[in-house]
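Here is a quick tour for someone meeting this structure for the first time. Take a look, and then we'll walk through a few of its parts.

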Amino acid sequence: MADETVKFVLTEKDLPDYWVNVLPALKEPMDPPLHPATREPIKPEDLAPIFPMALIEQEVSMKPQIDIPGEVIDVYKLWRPTPLFRARRLERALDTPAHIYYKYEGVSPAGSHKPNTAVAQAYYNKKEGIRRLATETGAGQWGSALALACRLFGLACTVYMVKVSYFQKPYRRIMIETWGGEIYPSPSDRTQSGRAILEQDPDSPGSLGIAISEAVEDAATHPDTNYSLGSVLNHVCLHQTIIGLECKKQMEMAGEQPDVVIGCFGGGSNFAGIAFPYLLDKLNGSPVRLMAVEPEACPSLTRGRYEYDHGDTAGLTPLLKMYTLGHKFIPPKIHAGGLRYHGAAPLCSHLLKHGWIEARAYHQLAVFEAAVQFARTEGIVPAPESAHAIRAAIDEALQAREEGRKRVILFNLSGHGHFDMSAYESFFAGKLENYAYQPESGRPQQPDCQG
Ligand SMILES: Cc1ncc(COP(=O)(O)O)c(C=O)c1O
């Protein structure tokens, strides 16, 4: 009987004990981040007020591998290694000769890949004597991951949550509270930036940009507090490479190599996580394709400009060389909130610019059709963000069918969609619409609550 294995499962002994760093392997040099005031390359001491030295070092490290501390591995063991599935039922439904594999990161306690870096960040901050971490969150995916990580390392956690989300989408907020995080609707009266907004507009619904300003200010004005970011930066991409490192072992168990590796793309961390270990092969001549998938409504990689821009709306962060729609761009209210970011990780931007990775964009209706087809064949209800990767994987499989050729497809299922039922409800009610990207729509819209 043919081998019909569905799940490729590693033991705790197989957990990688290092993260892989692609910086030293790059063929072309990266442009450095610039100080927002001087436009000179930023120095480590510029970042020291809000980040621990260990993470600042990882941001620029030229070591090809970085050991994962034992304490971090101990926490990873709560849900890692994560399973790799062969999507046999989806393959049959598509009647495709393609083999489709997916790595499932939704088994983490927070339900996504985000704890892979939250845990590492909490650990290094704790080690350097920090007592509390501050961060922002949209609908709470990142905030809940950091609240969990802080709890496990005995740190306090303060989350500034976009005000409309705080009131309209309460379940991630309650999850954060369950793990002991304190959470404030942003703008709040706890910071100058929050108070300034409230003075102008007491009913301000908030935005991710405002929440970032509050979290950064909180960290910068309290010596015992640091700031934590859930995507974009090199060290965040680094921590996520545990995903791809596990995949490599699991694909070996399956006896196959991917022709294409796919990840959805918000700031770039889950894509980097699954793709970077394969990028090293590609830099050495492997033909593997690496594909980032973003929303048409917020198409930084496919429609953005490659230039220096701020990471936040308020313009407080260093200038990063990246594909960007402009830091004032406010994306439409698509349901994949975690993909509503104006920029892209500088590392991923650099790789796209030089042709090492490719990018594709989809409208949300096509994404939800793929999500539902996946749920009805494979069972798992995916996060709307992750469903972008599913859409691309299905299209790759359909193309393989047209060509009558086998293709091995690997994608990252970055999270489950259990907190996104209202998005599915809108889809079934025919209320979801596609939004075309409008470059001039730098106007403030009602900020959304999904991210
Ligand atoms: C499930 C899920 N996938 C993907 C993303 C996008 O982020 P990134 O591009 O950093 O992986 C998010 C962000 O919130 C998310 O929650």
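Let's start with strand β6 (residues 132-137), which pairs with β9 in the parallel sense over 3 bridges. R132 has T225 as its bridge partner in β9. Before going on, a word on the source: this is a predicted model, where local features need pLDDT of at least 70, side-chain atom pairs count only at pLDDT 80 or more, and totals for chains, interfaces and linings use all residues. Residues are numbered from 1 along each chain as its sequence is written.

Two terms come up throughout. Helices (H or I, at least four residues) and strands (E, at least two) are DSSP runs, numbered from the N terminus. Two strands pair if DSSP finds at least two bridges between them.

Where does β6 sit in its sheet? The open sheet has 4 strands in the order β8-β7-β6-β9, with parallel pairing. At the edges stand β8 (182-186) and β9 (225-227), each with a single partner strand, so one side of each has no neighbour in the sheet.

Now for another set of strands, gathered around β11. Here are its two pairings:

| Strands | Sense | Bridges | One bridge pair |
|---|---|---|---|
| β10 (residues 260-264) and β11 | parallel | 5 bridges | V260 and R289 |
| β11 and β14 (residues 358-362) | parallel | 5 bridges | M291 and E358 |

Strand β11 (residues 289-295) has 6 of its 7 residues buried (20 or more other C-beta atoms within 10 Å of a residue's own, the C-beta atoms being placed from the backbone), so the rest of the structure largely encloses it. To get from β10 to β11 the chain passes through α13, and this β-α-β crossover is right-handed (clockwise from the first strand over the helix to the second, with the strands pointing away from the viewer).

Helix α13 (269-283) turns up again at the ligand, along with α6 (141-153) and α17 (384-403): each supplies at least two residues of the shell. Which helix gives the most? That's α13, with 3 residues. In total 19 residues surround the ligand (C-beta atom, placed from the backbone, within 6 Å of it), and the closest are S231, G266, N270, G338 and G415.

Last stop: helix α8 (residues 170-178), whose buried residues are R172, R173, M175 and I176. Seen down the helix axis, the buried residues of α8 fall within an arc of 155° (taken from the directions from the axis to the C-beta atoms), so they line one face. The face turned away from that buried side carries P170, I174 and T178, which are exposed (12 or fewer C-beta atoms by the count used for buried).
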